[in-house]
Amino acid sequence: MHELSLAEGILKTILQVAEKEGARKIKSIKIEMGEILLVNSEQLTFCFDIISKDTLAEGAKLDIIFLKPRLLCNVCRKEFQINTDEDLPILSMICECGSNDVTVLSGREFNIKSMKIEED
Ligand SMILES: [Zn+2]
């Protein structure tokens, strides 16, 4: 499952940082994520809750910010955004000129922006 491997990546990274900072507990984590990754935030939170048990991150809240993808049409050179409110956003990567020859400029980001910890 996509979400599980992402959750594992988040946990591994934040635990490394938390150890360095001498954290007693991780309270929350802010994550920026491109919508093209098609991550289900509920599933990601669910996976994270399970794998973070008995670690410093147990009970930490995931604060996920989704970034709108930006695309460039290779035919008419227009930059546009896809509407990802639809069920299958990956299918709507089509420019208004009708071309689906597009370059993804952004939308695949996956960044851990910050986290709140409790120090000793
Ligand atoms: Zn176009």
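## Structural report on a two-sheet chain

Read along the sequence, the chain follows the pattern α-β-α-β-β-β-β-β. The model described here is predicted. In total, the chain contains 2 helices and 6 strands.

**Overall dimensions**

Taken along the principal axes, the C-alpha atoms fill a box of roughly 60 × 25 × 20 Å. The radius of gyration of the chain is 17 Å, whereas a compact globule of 120 residues would have one near 14 Å. Of the 120 residues, 22% count as buried. Among contacts between residues at least 6 apart in sequence, 75% join residues at least 24 apart.

**The helices, the nonpolar core and the sheet S2-S1-S6**

The largest nonpolar core of the chain has 16 residues. Those with the most contacts inside this core are Ala7, Ile10, Leu11, Ile14, Ile26, Ile29 and Phe48. The elements that give two or more residues to the core are H1, S1 and helix H2 (41–51). Alanine 7, one of the core residues with the most contacts, touches Leu44, Cys47, Phe48 and Ile51 when residues up to four places away in sequence are not counted.

Helix H1 covers residues 2–21 and includes histidine 2. UniProt, in an unreviewed entry, places the feature "binding site" at His2. Histidine 2 counts as partly exposed because it has 13 C-beta neighbours inside 10 Å, a value that lies between the limits of 12 or fewer for exposed and 20 or more for buried.

Strand S1 belongs to an open sheet of 3 strands with the order S2-S1-S6 and mixed pairing. The edge strands of this sheet are S2 (61–67) and S6 (110–119), each of which pairs on one side only. From one strand to the next, the twist averages 15°. S1 (residues 23–34) and S6 run antiparallel and are joined by 9 bridges. In this pairing, isoleucine 29 of the core stands opposite methionine 115 in S6.

**The sheet S4-S3-S5**

A further open sheet is formed by 3 strands in the order S4-S3-S5, with antiparallel pairing. Its edge strands are S4 and S5, each pairing on one side only. The twist averages 35° from one strand to the next.

The table lists the pairings of S3 with these two strands.

| Pairing | Partner strand | Sense | Bridges | Residue opposite Leu72 |
|---|---|---|---|---|
| S3 with S4 | S4, residues 79–81 | antiparallel | 3 bridges | Glu79 |
| S3 with S5 | S5, residues 102–106 | antiparallel | 4 bridges | Thr103 |

Leucine 72 therefore has a partner residue on each side, glutamate 79 in S4 and threonine 103 in S5, as strands of a sheet pair through backbone hydrogen bonds. Its neighbour leucine 71 stands opposite phenylalanine 80 in S4.

In a regular strand the side chains alternate between the two faces of the sheet. Strand S3 (residues 70–73) has a covered face, with Leu71 and Cys73, and an uncovered face, with Arg70 and Leu72. S3 and S4 form a hairpin with 5 residues between them. In the turn of this hairpin, arginine 77 has a positive phi of about 65°.

**The annotated cysteines**

Which cysteines does the UniProt annotation "binding site" cover? The annotation, from an unreviewed entry, covers Cys73, Cys76, Cys95 and Cys97. These cysteines span 25 residues in sequence, yet no two of their C-alpha atoms are more than 8.7 Å apart, so they gather at one spot. Cys73 belongs to the covered face of S3.

Cysteine 95 and cysteine 97 can be compared in their surroundings. Cysteine 95 lies in the loop between S4 and S5, and cysteine 97 is placed in the loop between S4 and S5 as well. Is each of the two buried or exposed? Cysteine 95 is buried, because 20 other C-beta atoms lie within 10 Å. Cysteine 97 counts as exposed, because it has 12 C-beta neighbours inside 10 Å. Each value sits at a cut-off, since 20 or more defines buried and 12 or fewer defines exposed.

The contacts of both residues, leaving aside neighbours within four places in sequence, include other annotated cysteines. Cysteine 95 is in contact with Cys73, Val75, Cys76, Lys78, Phe80 and Val102. Cysteine 97 is in contact with Cys73, Val75 and Cys76. Of the contacts of cysteine 95, Phe80 is the residue in S4 that stands opposite leucine 71.

Conventions:
Residues numbered from 1 in each chain as written. Predicted model: local features only at pLDDT ≥ 70, side-chain atom pairs only at ≥ 80, totals over all residues. UniProt positions renumbered as here; feature names shortened; annotations may be inferred. Pairing = 2+ DSSP bridges. Rg over C-alpha atoms; globule rule 2.2 N^0.38 Å. Contact = placed C-beta atoms within 7 Å. Axes fitted to C-alpha atoms, helices over the stretch in contact; angles between N-to-C directions. Core = buried A, V, L, I, M, F, W, Y, C linked by C-beta atoms within 7 Å.
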